[in-house]
Each structure stands twice: as C-alpha cells, then as structure tokens.
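Hi everyone, thanks for coming. Today I'd like to walk you through some charged pairs, so let me put the model up.

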Amino acid sequence: MPGARGVAAPLMLSALLLHLARASLPAGCLRVSDILSCSNLGLEQVPMWLPATAATLDFNHNRMVRLEEDSFVGIPHLITLRVAHNRLSSLAPGTFRNSSSLRHLDLSSNHLYKVDNHYFQELVGMEELLLFNNHIARVESNALISLRSLRKAYLSHNRLTDFPFFSIQEHKHPFLVTLDLSSNRMLKLPLEDISALPASVQSGLFLHNNSLVCECAMYSLFRMWEQKGFVSVQDYREEHTCLVYGEPRASVQFLQHTRFFENCTVKAQNLLGETMSNLQVYAGHSGLLQCQTSLKGRHLTYQWVTPHQEYIVPPGNNNAMRMYANGSLEITGARLEDSGVYWCMVQDHQQSRNETHEVNVTVIVHRYEVEPFNTGFTTLLGCVVSLVLVLMYLYLTPCRCWCRKPPPLPATPSPAYECSAQSSILVPTPPATTEGPGRKTDMKEEGRRTVICVTPSERLLHMILVRLQRESHQRQEPTVKILSNTACFQSQYSTGLHQNAA
C-alpha cells in the first residue's frame, strides 16, 4: 500500500501539471468576459486550451499556417472567429466541428489557394464569410452548399477566373444579399446562370475590376442593372471596365464610354428571371403593392425592399408604409421619392425555398389643366377692368383743368387758349360735319389738327369705344363704328376763325 501510494502521487502530480499547462493561455492574450484576443503574438497554431465560454476569438496578425481538426470543438457557443492576416494555406477536414453556432468568420489576407467542399460543411449558421485578399483560384461547386443562412460573402482581390453561380441558384441561399467577386481575373461571365439568380442576389453582386472581355451580352447585363438602380453598379461605375478585343492595353469604362457598344442591341427581356408588375400612384394618395408568389402554406414569411435599400417587415415602417399578413405593402401618402422598384421576397422556411416579385412604382403629380377663356368673356373682362381703371383715374385723382367756353379767339391761336389736362388730339383731320343744336363749325378741309375739349363722362365713353374697336380689330371681327357726332363735343380749330359761344 505505501508503495502504491508512492507511485500514484507522481502520476497525479504530472496529470495536474499537464492540466495546468493545457489550461494556460499564451502570454499576451487578453480575456474580457466572453471575448478572447490573442492577436499579434506570433502564434503558429491555435492554443491547445481555450475557454469554453468564449463567444469571440481574435487571432489576427499571427503566423498560423494551418487550422487543424477539432481546433474549436470545445467552444460550443462560438459566434465570431477572426483569423485574418496569417499564413493559412489550407483548412483540415473537421476544423469547425461542433461550431454550428458560428456566425462571422474572417479568413481574409491569408494564403488560401482554393475553397474545398469540406471547409465549411459544418457551419450551417454562418451569416458572414470573409475570404478576400487571398490567393484563391478556385471555388468548388459545393463549397457553399451548407451555408443556408449565409447573407454576405466576400471573395474580392483573389485569382478567380470563374465562380459556380449555379450552386447558389433557386432556393439554396434564401438570405444571400451580398456576393463580392470584384478585383479577380474573370474573362467571361455565365450570363444564363447569373440571370437565374434571385433579384436580391443580383442587386448585391459586385463584379467590377475584373478582366472581362467587351461583348454585347455582358454590356446588356450591366446596363440593365444600372437601369434597375443596383448599388453594385451605381457605386462603382468607373471601376466597371472591359477589354476591347481582349487586349489588356485596350481597357474601357463601358458604363461611361458607351460609344464602343453603339451597334449592340440591348435586349428588353427581363434578365432578372422573375415576375414584374407596374403601379401608378397619385402623390398624396395610397397605393397597394401585391406580392405575387406561387408558394403556398403557413410557413411563409414576407419582406419588402424599397428602392432605397430599406427592409420592411410587418407591421410596416413609421406609418409611411404598412405591411399586411398576406405580404401586401401599402404606401400611405405617396411622395415623389417613393418612386422606384420594390422587391417582395417570400421565404418558405419549411421547404427552404424563396421567390422574389418586383413592382415598379411611379408616383404621379396632379396637373390641373386650366381651360382657356372664352373670347367674349375675355372681352367683357377687359372692358370691366378698363372701366374700373378709368373711374379710379377720374375720381381719385384731383383735376385742376376744366373746359370752359372759350372767349373769342384771336387771329392767331395761342396755346394758352387750349385746354391742357383734358385736351387730346383725336384725329389728324377734323370731322366733315358737326351735329347738334347750337353747334356750328367753320373750318378748312386741309389737314389741320383738331383739339376737342371734352367732359369727363364724354372722355370715359370715348376710351371705352376705342378699346372695343381695338379688340374687334385684333379678333378680325367687323369694325365697330365710333360715332363722332356727339352733341356735347365742342371743337376749337386752329383756323383763325372766331366762333360765338351762343
């Protein structure tokens, strides 16, 4: 017994030391609550012991070459893993075993050469995958098939010459909204496979800064995306280039310099491969957008995406947009900025299927056409306005000149005998006759000017008649004859003749 105790003691001590060694973290690691950061420590592999309660692990800026099997098996609640800026060239099968809760994985800025099928097959809850700035030249056809919850995948700045677009078609990735394949080495695009992608994927598909060969089909696809207002095209118009005749030195920005595609016929077909409808709404009124889908069942969820990339779910958004249980969307009090393309995304979680329906909304502003005035009404209105103005002039303006019966005229007429304020030169020649009792006129028939001194009422009558004659002449109607034989007119001619006022 004493001998057995002597043998067991060293074994227990060694096991304890081994446990303490395994339970220790590398010097320099920082642990705060459920976050463990071991960045920039020169680590060549993942530490053997990691806290089981960790939710975030940070191993950025180290010297890791490979991730081994069961590297994170003892961390069931791991959500975020960052292993960027290392030297990783491959991932061993089973690296992420027991890591189904992982949501964010950052493997950017490493030395990965390809994405094998077994890399992420256990990550069924993955939402964001960062693989940019590697040396990836190939993505296996089933590499992303298990990532059914994937929303964003970044594979820019690699060496990809193609991508298995067919692997993300139909309903395999119902939540995918961003796929960044920019700054790679793609020469041609599988346009049929891309056109079969859901609209939510196409709107977030980034393909700028590739080595695309200029061709009409490629140009038609990007021009269609630009017309749809896709952010992936509008925000990177200058970075969309193609090679004329495949020459690396003949690179053109085809969305800005369209003259190279003048002979191309842009197809009017719907490259989105989905149903589309149009809706016109008057400004200030309400419009109802129907979400048409062939999916049936109780497990359907609806979501709308506005032209401003705003996601709307029941019951709506700030009373400006209301969403109902059947998936329809009501725009209350439509505004001009509400115009654009709306996407309705229907998801069947039981069958892992989804569909997208597109509605093009146009908000119309009321434009009331003013009926032109009738000619007679215009004339009457003009006369009334003229009458009012004349009355205002006559009775609101003080008048200091009154026509009086002139004294016997001297042999030579003088301007002093002329009425100043109420005299006007009416006609170039005097009238031939003058009617009225007690009115006589002696004149010569030569072209002498006639100065007529009138009373205010006579002047008003004359101005109205002149206005009527002018408007009749403009409308080319029969001329209204203005009678000049008014009995109250008294004329004073510059003839040197004297006329008795009696």
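Which residue forms a salt bridge with Glu69? Arg97 does, and the closest N and O atoms of the two are 2.9 Å apart. Please keep in mind that this is a predicted model.

Let's see where the two partners sit. Glu69 lies in the loop between strand S4 (66-67) and strand S5 (80-82), while Arg97 lies in the loop between strand S6 (90-91) and strand S7 (104-106), so this salt bridge ties together parts that are 28 residues apart in sequence. Both ends are partly exposed: Glu69 has 45% relative accessibility, and Arg97 has a relative accessible area of 34%. Asp70 joins in too, as Glu69, Asp70 and Arg97 are linked in a network of salt bridges.

Now over to helix H4, which spans residues 216-228. Here Arg223 forms a salt bridge with Glu226, with 2.2 Å between the closest N and O atoms. The two are three residues apart in the helix, about one turn. Buried or exposed, what is Arg223? Arg223 counts as buried, at 14% relative accessibility, and Glu226 is buried as well, with 16% relative accessible area.

Glu226 has another partner to show you: its side chain meets that of Arg237 in a salt bridge of 2.8 Å, N to O. This pair links distant parts of the chain, as Glu226 is in helix H4 and Arg237 is eleven residues away, in the loop between helix H5 (231-234) and strand S14 (241-243). Arg237 is partly exposed, at 26% relative accessibility.

And the full tally? The count comes to ten salt bridges. Thanks for listening!

Definitions and conventions: Residues are numbered from 1 along each chain as its sequence is written. This is a predicted model: local features need pLDDT of at least 70, side-chain atom pairs count only at pLDDT 80 or more; totals for chains, interfaces and linings use all residues. Side-chain values use heavy atoms; hydrogens and water are left out. A salt bridge is a side-chain nitrogen of Lys or Arg within 4 Å of a carboxyl oxygen of Asp or Glu. Helices (H or I, at least four residues) and strands (E, at least two) are DSSP runs, numbered from the N terminus. Buried means under 20% relative accessible area, exposed over 50%, partly exposed in between (1.4 Å probe, protein chains only).
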